[in-house]
Amino acid sequence: MEAHKGVWVFLEARNGALRDVSVQLIGEARRIADKRGTDLTGILPGWKVEPLARHAIECGCDRVILVEDARLEFYTSRPYTKVLATLRWRHNPEVILFGASKNGRDLGGRLHAAIDTGLAADCVRFDVTEEGFLDMIRPAFGGKSLAHIHCEKHRPQMASARWNVFPMPRRDPARSGEVVRETVPLEDADFDTKIVDFKPTESRETRKIDDARVLVSGGFGLGDPKNFVLLDELATLLGGAVSSSRKPVDLGWVPKALQVGQTGKTVRPDLYIAVGISGAVQHLAGMQESAKIVAVNSDPKAAIFEIADYGIVGDLFQVLPEMIRQLKAFRAQAQAAPPPEAAPPGRRDGA
Amino acid sequence: MTAPGEKRGPRIAVCIKQVPKAQELQVDPVTKTLKRVGVPSEINPPDQNALETALALREKHGGEIVVLSMGPTSFDESLERAIAMGADRAYLISDRNLGGSDTVPTALTLTRAVEKVGDVDLVLCGEETTDASTGHVGPGIAGHMGIPQITYCSAVSLVDGRVRGVRMIEDGAETWEAPMPCVVTVDFGCNKPRQPTLTGKIRVKRGGLVTHWSAADLGLEPSQIGLKGSPTIVAKVDTVQLPSRQGKIFEEEPTIAVSLLLDALRKDKVIP
Amino acid sequence: MKGACPTPPKKPAKPSDAEPPRREELWKLLSANLEADLPAGRFHLAAQRLLIFRTEAFVDLQKHLEGTVGLSSKGFLCLAGEKSGREDHSLFRDSVEPPSGSEAEAAFLGRSIAPLSLLGGGRFAVAPVDRGAQRYRVTLENSPIAEGTGESKKPVCRLLAGWIAGTAERALGRDLLCEETSCRSQGKPRCAFELRPMPYRSTSCHKGFYSPCFSASGHGTMAEHFDVVVVGAGPAGSAAALALARKKFSVLLVERGRAPGTKNVFGGRIYAWPLFDLVPEWVKDCPVERLVTKESLAFLTPEASLGISFDSPKLAEGKAASFTALRPKFDAWLAKKAEEAGAMLVTGIRIDDLWREGGKVKGVFVAPDDRVSADLVIIAEGATSTLVRRAGLKADLEPREVSVGVKETVELPPETLQERFGLSEKEGAAAIYAGYASLGLRGGGFLYTNKASLSLGLVISSEDLARKKLEVQDVQTKFRMHPAIQKLVKGGKLVEYSAHLVPELGKGMMPRLAGDGVLVAGDSAGFLINNGYTFRGVDLAMASGMAAADAAEAARAAGGMSAANLAAYERFLRARNVLTDLEAFARTPLYLKNERLFDVYPRLLVDLAERVYRVDGTARERLIDSVLKGTNASGVSKLSLLMDLVRGARSM
């Protein structure tokens with residue numbers, strides 16, 4: 001096991017850029033590599049992706065292994081697995097980390113069976129134990145507890161990391177590192193899976209709920225899909241976006257892309273307003289790290305109140321219109337007479 | 001069942017897991033741990049979507065649906081439900097040595113079961129389980145078998161002997177096409193699983209459709225499975241320390257409550 | 001796509017070769033077949049009466065149906081369409097034998113279906129999809145239902161799907177299933193239907209063996225047939241299934257609850273007499289809570305109560321024994337007995353309809369591709385049976401005939417129960433309450449002791465509740481708070497509350513009990529006696545289930561489950577004392593309609609008791625004076641008092 005050295009990060013290229021989750025992971029992987037006193041390598045398969053290697057180095061990679069092949073332009077499971085597996089046997093890394101994007105999980109899942117090692121999914125924290133093992137920490141039981149996963153006897157130790165739990169590392173143009181080109185023998189038979197169509201998500205909603213600083217989230221309590229209009233209006237006033245708990249998605253009220261929770265997205269906005277959401281553990285798992293949580297629910301016993309900073313017990317059809325009215329009134333007032341310091345009503349500084 | 005030379009429909013293996021019903025899971029307010037005792041079980045919801053996908057494919061193309069699961073004999077309940085929903089037969093791999101398996105031996109065991117069933121054209125799994133949420137087993141089976149995989153599919157069809165799956169990924173819907181045999185994992189909620197039928201339940205009662213296999217039946221050594229065969233261990237479990245919340249509840253009438261709330265949020269500088 | 005433009009007839013894989021109908025054809029059809037009786041306001045087309053109305057009228061009907069009964073509306077609409085299709089086919093019958101070969105068959109089908117276009121049904125085209133499997137794709141341009149409905153997530157042309165199946169069935173002479181796979185209302189350019197063979201049709205599977213019968217489409221379904229299907233695993237259904245299984249019938253017992261007894265509310269008291277015959281060894285393992293040794297009847301006013309009680313160990317002896325039981329346990333026990341005898345029990349399935357063909361019941365229907373055939377169906381699904389109505393045996397219950405039953409289960413330690421009611425460990429008490437128990441509404445209260453709990457409840461006329469604008473829960477709460485009841489339930493923990501409908505039918509209000517291939521038993525048949533001092537149902541249910549088994553056996557011996565052969569059911573009901581007992585109490589429901597019995601008389605009796613028993617130093621009066629004074633004060637004439645007394649005595 002002594003032979004295994006170095007921390008690797010799988011760098012997922014998508015549309016000429018690195019996926020956010022890959023970049024976020026570089027920052028965390030850097031920390032782990034430093035703790036282990038080893039270096040950090042990014043693995044970047046793709047086509048014409050060299051500029052991205054530079055990006056990865058500026059974010060913290062010491063080295064990027066570039067495997068370029070026109071057929072690798074878009075991710076498919078078998079060739080990417082082959083690239084990773086070949087490199088793994090060639091270099092014996094100690095740790096490989098993946099961003100838990102759909103493709104990252106697809107790759108990790110296939111790879112771990114192919115090279116017979118463990119894989120911890122959706123980690124939210126990493127650490128190094130006294131014995132030097134990677135401590136892979138992932139939510140369990142709907143986020144109410146954290147499980148520490150260790151992979152003691154197999155190498156590499158592999159894990160995928162959840163989106164948006166690690167901050168974006170600062171890009172340092174002065175950082176240096178090496179870009180190493182390697183080849184992996186790929187045959188046509190490896191490309192038996194074809195991508196025959198791609199339809200980008202039309203609504204901007206998907207992006208918005210990941211990035212939004214304010215989320216107004218609706219649950220079954222809204223009673224009817226058309227009542228989401230109320231949330232839209234409130235979200236627009238607050239410069240945020242609308243999301244949802246699982247039930248409205250199941251009922252087909254809103255697209256799955258808006259779902260927050262264990263089977264949906266994990267979000268960490270500055271302000272999360274839960275409207276008509278009872279607060280099942282699965283939902284809480286996806287939003288409990290929001291900076292401020294507001295709950296509006298008619299049931300004072302709803303679990304959502306237990307993790308809320310502020311709550312209003314009442315009928316959302318009274319509360320929401322009232323919030324909208326007061327926000328508009330406040331805005332109109334502010335415009336009529338700017339506050340004495342003349343500072344624009346300040347958004348919080350960027351995190 | 002088929003005359004020689006005649007093209008039969010695809011044989012579809014659906015891998016399912018029995019999980020505690022998510023809605024029934026509650027956290028004990030005192031111990032802050034999950035109450036698991038006495039919680040009713042169900043077929044892992046994404047696996048239900050996978051089964052429904054298989055049933056719809058069989059309606060269209062004929063063929064046969066074989067359901068596979070790994071777990072204690074209490075999982076028979078879910079396998080019988082799958083048959084009552086329309087699956088043709090089911091196999092449960094149940095063995096004390098399998099206890100504590102992580103995704104590596106689980107995928108290996110299911111792979112061996114798929115191979116033992118034989119002539120499987122399509123392996124369907126749910127995208128992930130609601131209790132473990134790894135999503136690794138489906139790709140793991142594909143990795144062990146060395147066959148193509150299409151994960152996170154919201155729609156699956158068979159076109160000219162190839163599998164076509166619409167993958168819902170972060171920035172859009174990709175349509176992948178792969179030759180069979182192939183592993184496909186199905187998105188949670190992409191269809192509405194049907195209810196068990198009366199004729200299906202009668203078939204369950206007539207019996208003989210659920211078969212149990214041991215690890216040895218699949219040629220698995222004790223060292224390959226269970227805790228011994230699992231690369232990962234759960235070293236410990238912490239209770240989450242959530243950021244402490246003020247927990248201020250405004251119970252005044254709406255106008256006042258809203259005004260107090262907005263004041264508080266402005267003070268916290270989260271709204272202008 | 002394919003059906004968009006008419007294609008040359010020689011290309012067989014394309015949709016049918018039917019030319020678009022011409023104006024003359026319509027005229028020809030109408031002039032040859034249409035009879036308009038304008039003064040009477042009647043149109044007949046080929047001797048069938050026709051009504052012309054706006055498409056929206058039908059669409060509204062369909063929407064309301066869907067809103068009311070949800071998913072099962074699909075079945076109704078399909079079936080209605082199928083029937084109509086079968087019968088309309090005679091309008092356009094092609095006298096030619098259907099040709100062989102899938103293309104020729106498709107063309108033939110196209111011609112059979114096309115005439116609907118003449119009636120405004122849109123434009124149809126038929127093409128084979130899978131030659132070997134006899135599957136066809138029917139496309140429809142301009143569906144009136146889809147266009148009338150507007151946008152919908154699900155296909156809406158259910159009636160037309162059924163119509164196609166019915167027509168095709170007549171045209172090709174075999175059972176077919178038609179499902180709409182995409183619909184114009186879903187935003188598609190046209191509607192498409194898939195027509196395929198009915199998957200379960202062959203009835204060659206032997207009972208008790210599983211043999212997968214793959215249909216041509218490869219769908220692994222099989223024909224299921226039983227001698228008898230019993231709907232409902234309550235006391236009537238399980239008794240019937242048990243008795244039938246013993247008589248070597250193959251029996252399917254279907255229960256809609258997750259387990260037998262889970263859908264039941266019940267006061268908890270069962271008269272044991274039918275069990276001596278049905279499960280002779282019942283005493284061994286029947287989940288008896290307590291044997292009733294103490295009966296009482298009490299009249300309540302807001303504060304006081306006047307009761308008579310009968311306390312005798314004899315009550316628990318021999319065939320006259322009665323016991324208290326918890327229905328989930330008792331029903332599960334009886335259903336288990338039926339299973340042990342060989343009946344197959346299937347739970348968690350709701351039977352929406354009967355499978356009928358030409359007035360004969362041929363089995364049960366869950367969905368078009370989920371039915372089970374049977375020589376005989378026994379309906380034993382409780383008071384609110386929809387199947388009885390579907391079988392054409394009975395009209396809707398009128399509210400006047402229905403009571404609402406509520407039951408609470410209150411947990412108390414056995415010792416406390418025994419002490420409060422003066423019982424030994426195994427003994428139980430049963431009590432009936434009249435008067436203020438039901439706030440003077442028609443009906444009464446009951447109380448039974450279980451092992452470690454008591455069942456407390458009311459049965460009240462739903463009509464009276466509606467008239468007084470009272471909720472049954474409120475009446476129940478007042479009943480529980482009554483001092484006479486409070487002292488019995490005090491300190492107990494309310495663990496369960498449930499409510500259901502009780503038909504107050506009596507003989508003469510019962511449905512027809514037998515039809516072609518169908519029998520009705522238990523509450524579904526109205527076998528219930530409520531004469532004010534006893535509530536009986538479970539015993540009659542079990543006895544009627546046994547009588548149904550007797551009738552099935554006799555009909556089998558006589559050659560089949562025809563209505564004529566099953567008519568003997570009534571004789572067997574009499575032999576098992578079900579009808580005889582009901583007839584004996586025939587006048588009861590009418591007698592019970594007399595509100596004085598529930599309101600005035602209890603007050604009068606309690607008032608009388610107070611006059612007799614209260615000694616406060618004032619001058620005493622003769623008893624008869626007290627009675628007369630009481631009656632005068634109550635405003636009831638002496639004549640009506642006398643009449644009620646006579647009527648009551650006669651009916652009891």
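These are my notebook entries on a predicted model, taken chain by chain and contact by contact.

**Entry 1: overall scores.** I began with the confidence of the prediction, and found that the model scores ipTM 0.86 and pTM 0.70. For chain C I noted a mean pLDDT of 78, with 75% of its residues at 70 or more.

**Entry 2: weak stretches of chain C.** I then looked up where pLDDT stays under 50 in chain C, and marked residues 1-18, for which the model nevertheless has 31 contacts beyond four places in sequence. I also marked residues 200-221 of chain C, where pLDDT again stays under 50 and the model has 55 contacts beyond four places in sequence. Where pLDDT is low, the predicted coordinates should not be read in detail. I therefore leave the individual contacts of such stretches unread.

**Entry 3: the make-up of chain C.** I recorded 24 helices and 26 strands in chain C, and of its 652 residues 47% count as buried. Among contacts in chain C with a separation of 6 or more, I noted that 66% come from residues 24 or more positions apart.

**Entry 4: chain B against chain A.** I turned to the contact between these two chains, which takes 70 residues from chain B and 82 residues from chain A. On the side of chain B that touches chain A, the elements giving two or more residues include the helices H3 (103-117) and H4 (137-145), as well as the strands E9 (149-159), E10 (162-169) and E11 (172-179). Helix H7 (254-267) of chain B is also one of these elements, and H7(B) gives the most to this side, with nine residues. Sorting the residues on this side of chain B by class, I have 35 nonpolar, 22 polar and 13 charged.

**Entry 5: strands paired across the two chains.** I followed strand E10 of chain A, residues 145-151, and found that seven bridges join it to E14(B), the two strands running antiparallel. Which residue of E14(B) stands opposite A:His150? I found B:Ile233 in that position.

**Entry 6: domains of chains A and B.** For chain A the domain assignment gives domain 1 as 7-168 + 176-191 and domain 2 as 205-336, and I noted that their C-alpha centres lie 34 Å apart. Eight residues of domain 1 of chain A are in contact with nine residues of domain 2 of chain A, and the domain 1 side of that contact has three nonpolar, three polar and two charged residues. Chain B is divided into domain 1 (11-229) and domain 2 (242-272), for which I recorded C-alpha centres 46 Å apart.

Terms used. Residues numbered from 1 in each chain as written. Chains lettered and ligands numbered in written order. Predicted model: local features only at pLDDT ≥ 70, side-chain atom pairs only at ≥ 80, totals over all residues. Contact = placed C-beta atoms within 7 Å. Helix = DSSP H or I, 4+ residues; strand = E, 2+ residues; numbered from the N terminus. Nonpolar A, V, L, I, M, F, W, Y, C, P; charged D, E, K, R; others polar. Pairing = 2+ DSSP bridges. Domains from an automatic or database assignment. Buried ≥ 20, exposed ≤ 12 C-beta atoms within 10 Å, placed from the backbone. pLDDT = per-residue confidence, 0-100.
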